[in-house]
Structure formats: structure tokens, C-alpha cells
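Biologist: Please show me the model, and let us examine the reasons behind the terms used to describe it.

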Amino acid sequence: MEGGPRLSKISPESEEYKRGRKFDKDRWTHWNVFGKAAVSKQEFIERLENKDTAKYALDLLREGLPHVDITPEMFPIWKEFMDGLLESLSLAYQPGTVQSERVKGVSNAVRSLPAEIWRKMLAVHVDKFEQKLEKFGERIPELMASFEDKVLNAIEEKRLPISPELLKERIQQTAVVLDDALYATLEEYSGQFDVGTGFVAISEDVPDKQLEKVFTHEMFHVLSGRTAVLERDRTDPEWATTTKHQRVGTRFAAYDAMTPRRFRWLNEALTEGLTIQLLGEETSNSYRDERQLLALLLKRGKKPIPQELFVNAYFENYEPDQAAPIPAWKALVSAIDDAYEPGFLLTLDKFVQSDGVKAATDFIKTDWRLLSWRVHTKNMPRVAI
Ligand SMILES: [Zn+2]
């Protein structure tokens, strides 16, 4: 190509790819504990007002309470604080309460708290987090060893299309950290895998008996196939490069205008399905609708589609030096085309993005042609919710 490409796909097995990710991993600074460094009351109130973190903010207050010495002089402020907290807690479970009203009393009370009490409450939170971290640090090596054993076993029984070498390498590239729920903006809330750096973050909120499941789910994201792209900065005299990921598993990132976000539901359905299978569990409450949609997609077309085709595509790495860089993905798409109609996987994804997984499930249960018709009809009538 003239002048060399600005973007080029690179093999996830190449040294260049591994170097780039290691560089990003070493610079990673996301991990933090709320209150360890100085935080303002306002920063706390913002978390109290955020629907995803409000519960954890209230927990911080409730857990701090027994550790504060209350003197008679403090009593009026303390009473105001307690009233606000109790009111907020009683409102917290009532549907229809506006979030801002829900936390107003507590926010006001926090503002009026003496600085020393506030500092004490933050210190209690940091202590509690550090205790959780210690336990977490002890469990992760066990969970990793058990995951490795189970996956090796599945590879041997030809249930997973990856090599033992890749498994080992991906484990080596991964760091598992516990995240403070007051800082975490985890996509799945309980956990998240950041493919750019190789960090798996797990929320402190995950109960002990759920930890293995959340961990295993995230580790399947770690093992899943990737399409990696090297971006060259032409304005830089040395053509500095950045590694980006166009695809992880079956999920395509919103990389640019030409490649919108795609197939997240499918990626999570497969990830959770593999997790259930590896742990030998009967079922799970995670991504239930997504898994049901996948199960229907396998059997509701003109002919059944083997699940293996999905699993092969999920684990496939894009290898730019091969004549066919993603044969398993091609085989999957063509099987879906044959069972339904050309382009059906994309049609289904468009529908899921506009109307949701549940509505898509209802259509596939009755007649998938109706779903296709809706997507392809210009003035698409909205589905009643
Ligand atoms: Zn996931």
C-alpha cells in the first residue's frame, strides 16, 4: 500500500502486540480506594447521587457509624445526620422515588458533619477495604490454578478450541484486582476485563460464594479471540504506535464510524454459557435473556446450527498473515445465513440494539421473519413495551 497503512491488523501472537499491551499495563493507574487519598465531601455526595454507587455510599456511612465517638456537643449534628440517613434508607427501596430526593437528607447531613468524624468514617472504609483485599489476595491464586486445571481438562477433551500454550500465556498477561465499588465504573458491575491492559477488576461487592463464577466469567473474556489493530501516528516523526482492539470474543467495539458496536449480547451469552459449563453448574442468573436468545437462534431457523460454530468463532484470533484470517467467523456467519437468510446475524443484532434482547426473543419464538421485516422496513413501527 502507498506510504504504508495508518491502520494495520496485527497478530495477537506477535511480539509487537505483546510489547504494546505490556507498555499500557505498566502505565495503568485506575485502581483506587475511596478515602485513601484526600477526597472532598462533594466527591462523596456525587457518589451518593449516582444510582450505581448510592448503595455503596450509604454502606460507607452505616459501617462508619459504630466507630465514631459521639460527644454531647456533637449531638444536634449527629441527630440531623441520623435522621437523614434513616429517611434515605427508608426511601431507597420505594419505587418511583427521585434519586435526588432520596439522598437529599443524607447529603445535607454529610455536609454538616464535623471534619474529624468524616475523616474517621473514611478511615473505617479504607480499613474494611484492606481487609477484603487481603482475603481476595489469598483466594485469587487458588481460583486461577483451579481455572487453569479445568480449562486444560476441557482442552484435552476437545471441548475448547484453544491451545495449552495460549492458556498459559493469557494467564501470565493477566492481573486480577479488587475494585472499590465507590470508584468502580465496571461495565458489568461485578467484574470487568480490560483487554488493552490485561487487568481483570472484580468488585468488592461480590459475595464469597459468587467470586469463582465472576472470576471464571471474566477469565473467559481473557481467553476469547481478538482482532488487534496497530495504529500509527503519521504526525509523529517516529510513527508512534498504539494497539487497539476491534473485536474481543464476538463483540466488536465502536472503533470508528464504519464499525459500530456489535454482538455484545452474543458475546455475553457465550461467555456465561462457557462459565456454567466449566464450573458444572446447573444454571445462572447472569445474562439469562441473552443465553435464551442464543439457544433459540441455534434451533429456530430452517435448520439447526451447531453450537460449536459459535464457540470456534468466539475463540478465534485474527491472524493477518494467513490467507483466511478468520475462517471460524466466516463459517458461523454462513451457517446462520443458510439457516435464516443472508445477513441475519447482523439484522438480529440491529434489532437487539433498538428493541432489546427480550423483544428479539419473543420474535424468534414466533417467527424470525417478522423481526427481519421490522428491521428492513423503513418506518419501523415501535414494539410496544
Ligand atoms: Zn462478561
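The conversation below turns to one strand and one pair of helices.

Modeller: This is a predicted model, in which local features need pLDDT of at least 70, side-chain atom pairs count only at pLDDT 80 or more, and totals for chains, interfaces and linings use all residues. Residues are numbered from 1 along each chain as its sequence is written.

Biologist: Why is strand β4 called largely enclosed by the rest of the structure?

Modeller: A residue is buried if 20 or more other C-beta atoms, placed from the backbone, lie within 10 Å of its own. In β4 (residues 199-203), 4 of the 5 residues are buried, so the strand is largely enclosed. In the chain, buried residues make up 30% of the 385 residues.

Biologist: What makes β2 and β4 a pair?

Modeller: Two strands pair if DSSP finds at least two bridges between them. Strand β2 (residues 175-179) and β4 have 5 bridges, in the parallel sense, and therefore satisfy that definition. A201 in β4 is the bridge partner of V177. Strand β3 (residues 191-194) pairs with β4 over 4 bridges in the antiparallel sense, and F193 stands opposite V200.

Biologist: Why is helix α13 called roughly perpendicular to helix α15?

Modeller: The axes of α13 (residues 344-355) and α15 (residues 368-376), as lines fitted to C-alpha atoms over the stretch in contact, cross at roughly 75 degrees and come within 9 Å. Angles of 65 to 115 degrees count as roughly perpendicular, so α13 is roughly perpendicular to α15.

Conventions. A residue is buried if 20 or more other C-beta atoms lie within 10 Å of its own, exposed if 12 or fewer, and partly exposed in between; C-beta atoms are placed from the backbone. Helices (H or I, at least four residues) and strands (E, at least two) are DSSP runs, numbered from the N terminus. Axes are lines fitted to C-alpha atoms, for helices over the stretch in contact, and angles run from 0 to 180 degrees between N-to-C directions. Angles under 35 degrees count as roughly parallel, over 145 as roughly antiparallel, 65 to 115 as roughly perpendicular and the rest as oblique.
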